[in-house]
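Subject: Structure handover

Hi,

Here is the structure I promised you. Please open it alongside this email; my notes follow below.

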Amino acid sequence: VSLLYIFSCFLGFSNTMDAGSSSSSISSEKRRMSSRRPLQDVPSRPFLPSMHTTTSRNPSSRQSGDRFIPDRSAMDMDVAYYLLTQTRKEKENAVPASPSKEAYRKLLAENLLKNRTRILAFHSKPPAPSRPFFQEADAVSPHHAKPAKQRRYIPQSADRTLDAPDIVDDYYLNLLDWGSGNVLSIALGNTVYLWDASDGSTSELVTVDDDAGPVTSVSWAPDGRHIAVGLNSSDVQLWDSTSNRSLRTLRGVHGSRVGSLAWNNNILSTGGMDGKIVNNDVRVRSHVVQTYRGHQQEVCGLKWSGPGQQLASGGNDNLVHIWDLSMASANPPRGQNQWFHRFDDHMAAVKALAWCPFQSNLLASGGGGGDRCIKFWNTHTGACLNSVDTGSQVCSLLWNKNERELLSSHGFTQNQLTLWKYPSMVRIAELTGHTSRVLFMAQSPDGCTVASAAGDETLRFWNVFGTPEAAKPAAKSASAGPFSSFNHIR
């Protein structure tokens, strides 16, 4: 059994198996676990600190960041051995000491042991830092030095863990989204659940038939009320979450499952296993507005830029396309290339896409198990600005809305979340806890909390981006009059 398990793990992490288990069926083990109540708190396990060894130029101590890490060579092991053995000998030989031995013991304690009572101690105190921690490097002068910036505390464990039974372990799907109404949606098998972050309540939005399921993608509309649900049957359903009412079903858009969705105001972009990307205007009966053809395999990543002018798509064909809305047409000439840019630098499927919130033409993309790289693109010029090898499959990417930071989620071997400083791409923190690849991430409306879902059937919440800053009070007007709180029309 162990050899079979190892062999199956090896196959699961190969480049050709980015998809993981098949989305068309649910294993008997998951069927057995379906009796669990979805999105209920999972009891936390006791934290066991790991022991790591490091190297240092100073043999007596190691100093890294804000910690003093002791070394064995910094301890008086001979004195410690004497204290241990002497105490044991005294207990074993309960004989009154002679006056000469007692005088010798006092002299030894004063000169050699220096009246020390602790068994383990250091030769000297930890070395003082050469400069204050977190001191600004670009201070102009000691007289005009900038105040030291307090480093944000990043918890190393999840704030909360919820049970997520029957979640489909498939790299190409997008089963988690957090709407502007502070409600998180997650697809578990054939059912879409809603978890209200304000009070922790859970409700069931829809359960589809086996012929249509499982659910392959979910995406909130910008209003935080309506939600799109992509299905394995190629249909896309639109729901009103406040009334749990189905509004319409988009049929015939794709020839196979719809694994990626992205909203741009009233336009819903859908990406399917057939390689097509379709823009649907959900307000009109004939909803298909544009069709983009460029991918030869499944479209597993779709993201609109902040201004809504460019759409980024990633596929199982290792390609990233940038589509410009101004170049789109309902009936393009046959054989005409519609993409604005085509990037083929990745060596595996590209699912993870994230537009930078502070630079509209900056896109981050992450590759699968055969690539493991995060790449940054200037979508105006088409230039690759940087490429970083993360060492493992990149499943999802999220930008920090308040700081120049990027969060990535990964697969084998650590199944971790990694926080990077941009543009240096220095690792700030690594968050572990998932026991399977972290396939999906979603960000809270305030941009501070990140939810992650993995093949280990857990949904975890991380306070990785800090707490929201308090809003500054608005400046009072010099002349307050009637209706002064309303904006004037110019």
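A residue counts as buried under 20% relative accessible area, as exposed over 50%, and as partly exposed in between. Arg160 has a relative accessible area of 31%, so Arg160 is partly exposed. Keep in mind that this is a predicted model.

**Salt bridges**

The search of the whole structure gives 12 salt bridges. Three of them are described here.

Start with Arg160. Its side chain meets that of Asp41 in a salt bridge, with N to O at 2.7 Å. The two partners are 119 residues apart: Asp41 sits in the loop between α2 and β1, Arg160 in strand β3. Asp41 is at 47% relative accessibility, so Asp41 is also partly exposed.

Strand β3 (residues 160-163) holds a second partner, Asp163. The side chain of Asp163 forms a salt bridge with that of Arg36, at 2.5 Å from N to O. Arg36 lies in the loop between α2 (28-33) and β1 (61-64), and 127 residues separate the pair. Asp163 has a relative accessible area of 13%, so Asp163 is buried.

The third pair is Arg257 and Glu298. Their closest N and O atoms are 2.9 Å apart. Arg257 is in the loop between β11 (245-250) and β12, and Glu298 is in the loop between β15 (288-293) and β16, so the salt bridge ties together parts 41 residues apart in sequence. Buried or exposed, Arg257 and Glu298? Both are buried.

There is also a network. Arg36, Asp163 and Glu457 are joined by salt bridges that share partners.

**Strands β8, β9 and β10**

Strand β9 covers residues 226-231. Five of its six residues are buried, so β9 is largely enclosed by the rest of the structure.

Which strands does β9 pair with? One is β8 (residues 215-220), antiparallel to β9 over five bridges. Ser217 has Gly230 of β9 as its bridge partner. The other is β10 (residues 236-240), also antiparallel and joined to β9 by five bridges. There, Ile227 has Trp239 of β10 as its bridge partner.

Both connections are hairpins. Five residues lie between β8 and β9, and Gly224 in that turn has a positive phi of about 70°. Four residues lie between β9 and β10, and in that hairpin Ser234 has a positive phi near 90°.

One reminder when you look at strands: in a regular strand the side chains alternate between the two faces of the sheet.

**Second largest pocket**

The volume of this pocket is about 1300 Å³. Its lining has 45 residues, and those nearest the centre are Asp177, Trp178, Lys303, Trp304 and Leu398. Several strands give two or more residues to the lining: β4 (176-178), β8, β12 (258-264), β16 (299-304), β20 (350-355), β24 (394-399) and β28 (440-443). So β8, which pairs with β9, also contributes here.

How do the lining residues divide by type? There are 28 nonpolar, 13 polar and four charged.

**Cysteines**

How many disulfides does the search of the whole structure find? The count is zero. Two cysteines to look at are Cys356 and Cys448. Cys356 has a relative accessible area of 7%, so Cys356 is buried. Cys448 is at 2% relative accessibility, so Cys448 counts as buried as well.

Best wishes

Key
Residues numbered from 1 in each chain as written. Predicted model: local features only at pLDDT ≥ 70, side-chain atom pairs only at ≥ 80, totals over all residues. Heavy atoms only, no water. Buried < 20%, exposed > 50% of the residue type's maximum accessible area, 1.4 Å probe, protein only. Pairing = 2+ DSSP bridges. 1 Å grid on protein atoms, 1.4 Å probe; cavity = no way out; pocket = protein on both sides within 12 Å on 5 of 7 lines; lining within 4 Å. Points joined across faces, edges and corners; volume = space filled by probe spheres on them. Nonpolar A, V, L, I, M, F, W, Y, C, P; charged D, E, K, R; others polar. Disulfide = S-S within 2.5 Å. Salt bridge = Lys/Arg side-chain N within 4 Å of Asp/Glu carboxyl O.
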